[in-house]
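Student: I'd like a close look at one part of this model. Pick a stretch, start there, and work outward to whatever it leads you to.

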Amino acid sequence: MEEQLSRYREAVDTHREGAETDPAGHLPYLGHALSELGKALIELERYDEALSAFRESVDAHRQSVEMDRDPHLLGLAPALMELGGLLDALDRDEEAVTAWEESAALFRELAAAPEHRDDARLPRLLDALGTVLNGLGWALFGLGRYDGAMSALRESVDVRRGLAAADPENFLPDLAESLNKLDAVLTELGRYGEALPVIGESVAVHRRLAEAGSGRPTYELALVVGELGVTLMEVGRLDEAVPLLRESAGTFDEVLAAQRDPYSPQILAIHEGKGSALSNLGLTLTKLGRLDEAATALEEAVAYYQVLVPADPMRHLPGYARALINLGNVRSAQDRIDDALKVLREAVSIRQELAKADPERFMLDFVRSMWSFSVLLLQAEQFGDAEVVASMAAYECRTLTEVDPGRFLPELAKVLHSLESALVALERFEDLPAVEEEAVAIHWELIKVDRERFLPGLARCLSNLGLTYDRLGRPGDAVPVLEKALWAHQGLFLLRPTAHLDDWLHAFHHLAECLTKVGRHDEAARLLESRGGTA
């Protein structure tokens, strides 16, 4: 490699010197030589030197483009792609995005050029465009630029789908990669309805790849089948999710049985996949009320993770904690509250340690587990402990919402509901207004995003806050809140009259009571008359 490196350096020196007197004749060759030098330096793990070589390569090609644009774009676009790839590998995501965005624009221009439409180079240009967009989308996702990430990944899928249609042998794996990344982004953002056709297509692609290869199921197929099952679960299609999650678990068994090397590092990954599939299967069966089947699946999942954790704690503890929480929920549904509390305590403890080690990655999981634990403590009538846990969860969740309100406000709303329930059970009514006012403010924001989903929560929060003001002898404060509560309950009643009639009538009655208490008797009477009631 050192001898090869010397040849590349010699070529770079030759063309760098030549470019001083004949830039048009030497700059394109200088850019190419610098690119080859950079690749060789990467193989030797000399990344800083490689980065310098790639940057100079881009500069050389850019100068060529400035002299004669069209013929030299074919050099600049790949040079920017290589630079973006190295910057991404070095975790310099913002710089990688800048390089890849320019590269993608150039590859689009080249692919659309009339001279390339029937050219043998067109598939290579589109392949490069798909690769750049795939990397760009994932980098944008890591930077929290979600709209840009989805746009880039959708375009990558479209490009690679077209290539795979013409040449499946060479391009189906790339299509699978882009589909998997787009699904991961949509799933992380909770957009399961949009993710469903994406992961469904990914499963179909992986089935084709498995059939075209050994004819046996693959590890990748087991993963995506499990992902499809989880997505179906998230959109409420539970009966369809169960057979897919069972298939995923069974496929991992087949993949394990086909392993020839007992020391292969993939064996642990297979066990991890099987544990995850069983955990999700248990959760789905729990939602279907098939508690005994759920418990069996989850006990097996927990056993898998107990073996995996010692081998690599930071990798496997998150899955272990998730399986414990799912098992705890089953024990709770089976009225085995003591068993559920024991399991959830262990899960919360694990997630607390993970959140300390990596807050950005694990704090949300810790908050969610504390919320689940607080709900269970309320069931167990351990109200003091429930209040402590819910308060801690609320504190951490508020920190998360400061970073990304749109993503974390729903979590804070759930946590505040548990905290409110604990304070009511403890009869700490004087502490309720602050919690309920915060919950109301959050729900006003949430209905701007998804009215149908969050209007019931807003109606409940407004009614509870009005009741608290009234209980504390503040009927004047209660009236405007209860007027808004009546508006919210009326909206729900109009959507689903049978389901919301009782709450709507209660809202009328409570508002009329408070109007009476503040001396607005005529308004109270008219209000009750408007619904055909009496004071």
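Tutor: Let's start with residues 321-354, where the chain is 91% helix and 0% strand, and the end C-alpha atoms sit 10 Å apart. Keep in mind that this is a predicted model. In UniProt, an unreviewed entry lists 321-354 under "repeat: TPR", along with residues 31-64. That other stretch, 31-64, also comes out at 91% helix and 0% strand, with its end C-alpha atoms 9 Å apart.

Now look at Tyr320. Leaving aside residues up to four places away in sequence, Tyr320 touches Val302, Tyr305, Gln306, Val309, Glu346 and Ile350. Tyr320 also matters for the packing picture: along with Leu416, it has the most contacts inside the largest nonpolar core, a set of 109 residues. Apart from that core lies another, of 61 residues, including Leu5, Leu41, Leu106 and Leu129. As general background, nonpolar side chains in soluble globular proteins tend to be buried together.

Leu416 is the lead to follow next, as it also turns up in the lining of the largest cavity. The structure holds two cavities of 30 Å³ or more, and the largest has a volume of about 40 Å³. Lining it with Leu416 are Ala413, His417, Glu420, Val435, Glu436, Ala439, His443, Arg460 and Cys461. Three helices, α19, α20 and α21 (451-471), each give at least two residues to that lining. Sorted by class, the lining has five nonpolar, two polar and three charged residues.

The second largest cavity has a volume of about 30 Å³. Val367, Arg368, Trp371, Glu411, Lys414 and Val415 line it, with α17 and α19 as the elements that give two or more residues. Its lining has three nonpolar and three charged residues, and no polar ones. So which helix should you keep in view for both? It's α19, which supplies at least two lining residues to the largest cavity and two or more to the second largest.

Where do those helices lead? α17 (359-379) runs into a loop before α18 (383-403), and Glu381 lies in that loop. Its phi is near 60 degrees, which is a positive value in a residue other than glycine. Glu381 is classed as exposed because its relative accessible area is 59%, and the cut-off is over 50%. A parallel case sits in the loop between α19 (405-425) and α20 (432-449), where you'll find Glu427. Here phi is near 55 degrees, again positive in a residue that isn't glycine, and Glu427 is exposed too, with a relative accessible area of 57%.

Last, go back to α21 and follow it to the second largest pocket, which holds about 180 Å³ of space. The residues around this pocket are Ser463, Asn464, Leu467, Leu482, Ala485, His489, Asp503, His506, Ala507, His510 and Leu511. α21 gives two or more of them, as do α22 (475-495) and α23 (497-517). α23 provides the largest share, five residues. By class, the pocket lining splits into five nonpolar, five polar and one charged. That makes α21 a handy thread to end on, as it contributes to the lining of the largest cavity and to that of the second largest pocket.

How values were computed
Residues are numbered from 1 along each chain as its sequence is written. This is a predicted model: local features need pLDDT of at least 70, side-chain atom pairs count only at pLDDT 80 or more; totals for chains, interfaces and linings use all residues. Side-chain values use heavy atoms; hydrogens and water are left out. Helices (H or I, at least four residues) and strands (E, at least two) are DSSP runs, numbered from the N terminus. Buried means under 20% relative accessible area, exposed over 50%, partly exposed in between (1.4 Å probe, protein chains only). A nonpolar core is a set of buried Ala, Val, Leu, Ile, Met, Phe, Trp, Tyr and Cys residues joined through side-chain atoms within 4.5 Å. Contact means heavy atoms within 4.5 Å. On a 1 Å grid over the protein atoms alone, a cavity is a set of points where a 1.4 Å probe fits but cannot get out, and a pocket is an open set with protein on both sides within 12 Å along at least five of seven lines; lining residues have an atom within 4 Å of a point. Grid points are joined across faces, edges and corners, and a volume is the space filled by probe spheres set on the points. Ala, Val, Leu, Ile, Met, Phe, Trp, Tyr, Cys and Pro count as nonpolar, Asp, Glu, Lys and Arg as charged, and the others, Gly among them, as polar. UniProt positions are given in the numbering used here, feature names are shortened, and annotations may be inferred rather than shown by experiment.
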